[in-house]
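Biologist: Could you take a close look at a single part of this model, one of its sheets, and then follow the description outward to whatever else can be said with care?

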Amino acid sequence: MTKAMTGARMVVQALKDQGVDVVFGYPGGAVLPIYDEIFQQNDIRHILVRHEQGAVHMAEGYARSTGKVGVALVTSGPGATNAVTGLTDALMDSIPIVVLSGQVPTFMIGTDGFQEADTVGITRPCTKMNWLVKDTAKLSGTIHEAFHVARSGRHGPVLIDIPKDVQFATADYTPMQRARTEHYQPRVKGDIEAITAMVEMLETAERPIFYTGGGVINSGVAASQLLREFVDATGFPITSTLMGLGAYPASGKSWLGMLGMHGLYEANLAMHGCDLMINVGARFDDRITGRIKDFSPHSRKVHIDIDPSSINKVIRVDVPIIGDVGHVLEDALRIWKARGRKVNKEGLAKWWKQIAEWKAVNCLDYKPSTKTIKPQYALQRLEALTKGMDRYITTEVGQHQMWAAQFLGFEGPNRWMTSGGLGTMGYGLPASIGVQVAHPEALVINVAGEASWLMNMQEMGTAMQFRAPVKQFILNNERLGMVRQWQELLHGERYSHSWSESLPDFVKLAEAFGCKGLKVSDPKDLDDAIMEMIRYDGPVIFDCLVEKHENCFPMIPSGKPHNEMLLGEADTQGVIGAKGAVLV
Amino acid sequence: MSALNIKRGSTSHSAYDLRDPNAEIIESHTLAVVVDNESGVLARVIGLFSGRGYNIESLTVAETDHARHLSRITIVTTGTPEVIEQIKAQLGRMVPVHEVHDLTVEGPSVQRELALFKVAGKGEARIEALRLAEIFRAHVVDSTLESFVFEMTGTPEKIDSFAELMRPLGLKEIARTGVAALARGV
């Protein structure tokens, strides 16, 4: 039996039916009926943010750390436009979120009403799909369809724009089972012939490598388990993109570390020198490939991806396999075992010997200091003191993000939340709150730079109000570190607007928010301060004053191939040509 | 229709197209895209082309299945073989898209476009225009003492050549529908 109810009640009912336990949002005129319904129930928790961008990043952090769909609720006009950055971020990193936005009543659409914006028009290119619902009878069905789209196929953000009169009007509720979903059923099983071709290739390969990405995380925990089993059974080396960290444990024997622009020397050279590359749920992003023409020139390439448009978009591959990573790995493992678990042992032994030589270069080496805290040292200590804890890490964007990826080890999926594709400064603080809301007992640390952190620092208010004890570990170099690094390498050391003047006193700022502030500048005090941060029962703003002009290495300069990495300051003179300077 | 090679250095690029026109062979393909006829679907498809820097040479759209609310969009686009492959994959993964057919590679197809031409003139030119219209099987759908409106259906190339012939004879305006296309046979 269907039940008649108002559109606003439908929204809450549909969210409950979808298993939603928390919504991140901000009220306003065009969503008041929905807020009235939220007020009258206790099943769904509402987290009041300080800015709608924060709400969307929180929903992303929640989604990425749980594997569930994150939900944000915003009002019309500015509420919706403030959500745009978060939506684009989720689209680039394939994060499943549903954003509900209020809209002026249907009869006012197009009249430039107060707080009116063409929300579906504005968000069309930054959502996987969006809907303007003009009829209450279609509202609940559309919400269920939206959840289905967000978590099916390649995950992504969706938005539903709901005019105020649609929230007030009454209609029959469409239960989840009756919603329209049959029209969107992306293929999850890979083609068995293609999978067999991959297995044949990996049986004979002399220099194979697994190159994995965020698709493994999105496929679910089972996919990460299968990947571990496959990697460990074959003994092949494995590297991962920024988005895929944790799918294979950092302590695993085949782990080479992250690859790409600031990836590890051994990972990048192994990618360059391999004869078989198995791409599992990654998309040949430009941070990974460097110069396309010289990308892994001697390898045959297999690409497993759920999104057909990822195949041959950047790099042409020999064996494309369209399907969900988990399903494909399951089939591949079964076929490989049935064929006798063959690998080229002799070739592999030589390959690992070569990799060991590259590893011996010790590419993450840096000049230690007893006077100032090196950012790398700060992260090494953070890693040492929090290892083994129930720990989640988020980051902002820049040098600190790359150092965190290099120096922190992840043993499982869904433990690492970072803005990869879009590179959104201001992502980490709200994301950390979203993670903490999902995992109230866990240690959630946002590794930040001071400049990124300031972009959404208003959300400390949210952390305080909802008792989210997030730790803001700010590597403060008083610089836009990555911008400064590029200006040093590419623009003749002309540091145009890349330093942070008039920074707040972060300890006083913490006190102003009512949380704890810590400030450290001497390496000797670092361990005690980190322990104090961990032990404190509440949010902490940790102002870690670090070396101001440290550069992030290794680095593949833009427009260069993997085998032309810079390992340190000595390598940097005149390496980036005019062509490379055009690239970002 | 087999893949058509457009001459190198062709200027028919979208404003967003940053590719080097001399870099590779540019092909023209006719795509038939079956979509849910819902609000915003055309903007979604066009936005894909402008957002990713693809070209649209022509585009037609109308609902073709009223019972299931399906529309058929016929797009003529140009690009390198790699770009054409991407366009099809990008269209195919859109939620409201049901089918994508590349009529250029899926076998022979018929392509037709309808055009209206307004030609003004007197004396010899007027008679010559009418004579040529007959040769091209164009119909006169409006006539004054000083002008004709011709209606013609044909391939884009045929419409182009008729337009060229009409130009010196007093061609004032052309309206074209863009290409509609179907695969031949069953």
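Modeller: In this predicted model, strand S10 (residues 238–240) of chain A runs parallel to S11(A), and two bridges join them. Within that pairing, A:Ser240 stands opposite A:Met258 in S11(A). The two strands belong to an open sheet of six strands in chain A, whose order is S11-S10-S9-S12-S13-S14 and whose pairing is parallel. Strand S11 (255–258) and strand S14 (319–322) of chain A are the edge strands, each pairing on one side only, and neighbouring strands of this sheet are turned against each other by 15° on average, direction ignored.

Two helices of chain A can be placed relative to S11(A). Helix H12 (residues 265–273) of chain A lies across strand S9 (208–212), S10, S11 and strand S12 (276–280) of chain A, and runs at about 105° to S11(A). Helix H15 (residues 345–359) of chain A, in turn, lies across S9 and S11 of chain A, running at about 45° to S11(A).

Chain A also has an open sheet in which six strands follow the order S3-S2-S4-S5-S7-S6, again with parallel pairing. Its edges are strand S3 (45–48) and strand S6 (129–132) of chain A, each of which has a single partner strand, so one side of each is left without a neighbour in the sheet. From one strand to the next, the twist averages 20°. At the S3(A) edge, strand S2 (residues 22–25) of chain A pairs with S3(A) in the parallel sense over four bridges, and A:Phe24 stands opposite A:Ile47 in S3(A). Helix H2 (residues 32–39) of chain A lies across S2, S3, strand S4 (70–74) and strand S7 (157–163) of chain A, at about 125° to S4(A).

Turning from the sheets to the interface, the contact takes 16 residues from chain A and 14 residues from chain B. The area buried between the two chains is about 1,300 Å², with carbon and sulfur atoms giving 50% of it; B:Arg44, B:Arg93 and B:Val95 supply 47% of the area that chain B buries against chain A, more than any other three residues. Three salt bridges are found across this interface, and the side chains of A:Arg180 and B:Asp36 meet in a salt bridge at 3.0 Å, N to O. On the side of chain B that touches chain A, helix H1 (41–51) and helix H2 (81–92) of chain B are the elements that give two or more residues, and H2(B) gives the most, with five residues. By class, that side of chain B has four nonpolar, four polar and six charged residues.

Definitions and conventions
Residues numbered from 1 in each chain as written. Chains lettered and ligands numbered in written order. Predicted model: local features only at pLDDT ≥ 70, side-chain atom pairs only at ≥ 80, totals over all residues. Heavy atoms only, no water. Contact = heavy atoms within 4.5 Å. Buried area = accessible area lost by both parts, 1.4 Å probe. Salt bridge = Lys/Arg side-chain N within 4 Å of Asp/Glu carboxyl O. Nonpolar A, V, L, I, M, F, W, Y, C, P; charged D, E, K, R; others polar. Pairing = 2+ DSSP bridges. Axes fitted to C-alpha atoms, helices over the stretch in contact; angles between N-to-C directions.
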